[in-house]
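Visitor: I am new to protein structures, and I would like to know how people decide what to call the things they see. Could you show me one?

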Amino acid sequence: GMIRDRRVREAHRLPRTRRSRIMPAQTRGARRKSLGLPPKEKQERFDPSSPSKAKTGKKAEGWGAPERTGFWANVYGTCGVLAIIGTTPFIAVIVWHMFVNLDGSLASIVAAFQEDGLSLIAKIWPWTSKRAWQLLGSYAAFEALLQVYMPGKRFEANPTAAGNVPVYKANGVQSLVATVIAFFLCWHLGLTTPLEVYSLFGEMLAGMSLLAIVFCVFLLVKGHVAPTDEDSGSCGNVVYDFWWGMELYPKIGPLNLKQFTNCRFGMMAWAILPIIFACYQYQRDGYLADSVAVCVALMCVYNFKFFVWETGYFNSMDIQHDRAGYYICWGCLVWVPAVYTSPALYIASHPVTLGPQLAAAIFALGCLSIWINYDSDRQRQEFRASGGKKKVWGKKPVIVEAEYKVAKDGRIVTKKSILLASGWWAIARHFHYLPEITASFFWTSPALFGKLPPYLYVIFLTVLLIDRSMRDDTRCSLKYGKYWKKYCELVPYKIVPGIF
């Protein structure tokens with residue numbers, strides 16, 4: 001050690017020219033080795049391409065990167081994504097037309113296409129009137145104002161792969177109550193009626209289908225030229241950038257755009273439209289059909305549960321991993337109002353009588369499904385909030401202590417997390433999807449079983465959640481590595497124990 005220190009001191013006392021003759025050019029590592037010094041410990045630095053800043057032009061990689069895999073990408077590829085983008089705006093309107101004008105008959109819509117071909121789309125397309133645009137604009141502006149200015153608690157979500165901590169104003173329940181009150185107030189003052197909303201619903205869907213595409217183009221351009229933060233990046237494929245999105249949390253001023261599209265526009269439309277459809281059926285027929293009452297009541301319970309649990313949604317895959325692109329934003333602006341509300345639209349258009357016993361049984365089973373869905377989410381939330389100390393079903397929980405990496409101050413740092421393998425979460429890794437599917441079945445079942453189209457949402461939701469479970473497993477495997485493998489050994493099934 002003394003010899004090494006002396007050699008270092010002598011080397012640094014030499015003039016620069018003589019030092020260069022005695023110590024020829026060499027790497028820093030070789031120089032330290034020649035001086036008898038230990039190799040310098042490497043510091044892991046944050047690679048801005050994981051996730052990348054969009055303006056760097058680099059591809060994003062890692063568990064926080066934009067989605068490039070999953071059911072749709074693997075099966076259909078780029079051409080399939082283009083096909084989905086090119087057809088879904090028309091499908092949304094076709095669903096409305098089939099339920100309102102064709103008695104929900106699949107045979108009728110098939111026969112119409114056989115007779116007219118693709119020209120049927122132009123024939124049935126409900127061009128958006130000035131009044132429909134006024135209703136859409138008023139609703140969107142009202143919900144944006146509620147999101148920004150309605151009082152609510154500050155909520156910090158989980159840190160992203162780039163180390164950012166998203167901050168929200170948790171005012172979902174207040175906004176829901178304000179929206180329902182506002183509709184009935186507008187009805188009372190003669191500003192609108194359930195009949196008007198029902199009659200113009202097709203026009204609003206048609207207009208929003210096209211406007212939402214323009215909005216998604218704006219998000220694509222914004223992600224390239226003016227991303228809000230480091231949680232943005234390109235897949236290297238412009239089609240996927242448009243489909244999956246560039247930014248995770250795009251903002252315009254104080255308005256979080258993805259919270260607006262997902263929660264305030266899409267989910268709030270799902271909450272208020274069934275109520276409007278029920279009011280329309282009551283006005284038209286002079287009584288509220290029990291089939292309409294059960295369907296709409298279950299949807300109201302589910303959507304109230306959603307807004308109570310909204311802070312949990314801020315930590316879900318929709319918000320934390322799926323970026324703001326066509327898949328999420330167009331889906332919430334158009335597909336949610338068109339398809340998610342479709343059971344209520346169909347049943348209000350074609351009500352049946354269930355009888356008190358059947359109606360009560362369907363409502364009870366639907367409420368049970370919604371409660372299990374809520375309780376499973378609550379169980380995991382409280383488990384994480386207690387740091388894994390809270391008992392689950394009266395017992396000490398089975399825990400997998402995991403580690404993952406995020407960016408902080410330009411470097412990669414290791415964080416710790418806990419994965420729950422007890423209670424509902426010992427049954428399946430995504431068990432909460434199962435009661436969500438059964439709940440959708442029960443609020444659709446008042447349509448009875450004479451036709452398949454009313455169950456479109458149930459079928460869509462089942463495919464969506466199966467795909468999401470696979471994508472979430474892929475993401476968690478990238479994020480947690482060996483810890484996720486250990487968790488999968490404890491909880492081997494994704495959604496349905498013993499089957500999938």
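Guide: Here are a few terms, each checked against this predicted model.

Visitor: Why is the span of α12 called close to the expected one?

Guide: The expected span is 1.5 Å times one less than the number of residues. Helix α12, residues 290-308, has 19 residues and reaches 27 Å from its first C-alpha to its last. The expected value is also 27 Å, so the word "close" fits.

Visitor: What makes Tyr-302 in α12 count as buried?

Guide: Buried means under 20% relative accessible area, so Tyr-302 falls below that cut-off. Other buried residues of α12 include Val-292, Cys-295, Leu-298 and Phe-306.

Visitor: Why is the set around Trp-243 and Leu-345 called a nonpolar core?

Guide: Such a core joins buried nonpolar residues through side-chain atoms within 4.5 Å, so the 115 residues here earn the name. Trp-243, Trp-270, Phe-277, Tyr-340, Leu-345 and Trp-443 touch the most other members. Helix α11 gives the most, 17 residues. Among the residues that Leu-345 touches are Trp-96, Tyr-198 and Phe-277. A second, separate core of 20 residues includes Ala-402 and Trp-484.

Visitor: How do you know which residues line the second largest pocket?

Guide: A lining residue has an atom within 4 Å of a pocket point, and 26 residues therefore count. Leu-135, Ser-138, Tyr-139, Val-197 and Ile-276 lie nearest the centre. Helix α7 provides the largest share, seven residues.

Visitor: What makes up that lining, by residue kind?

Guide: The lining of the second largest pocket divides into 21 nonpolar, four polar and one charged.

Note on methods
Residues numbered from 1 in each chain as written. Predicted model: local features only at pLDDT ≥ 70, side-chain atom pairs only at ≥ 80, totals over all residues. Heavy atoms only, no water. Helix = DSSP H or I, 4+ residues; strand = E, 2+ residues; numbered from the N terminus. Buried < 20%, exposed > 50% of the residue type's maximum accessible area, 1.4 Å probe, protein only. 1 Å grid on protein atoms, 1.4 Å probe; cavity = no way out; pocket = protein on both sides within 12 Å on 5 of 7 lines; lining within 4 Å. Nonpolar A, V, L, I, M, F, W, Y, C, P; charged D, E, K, R; others polar. Contact = heavy atoms within 4.5 Å. Lists of a residue's contacts leave out its neighbours within four places in sequence.
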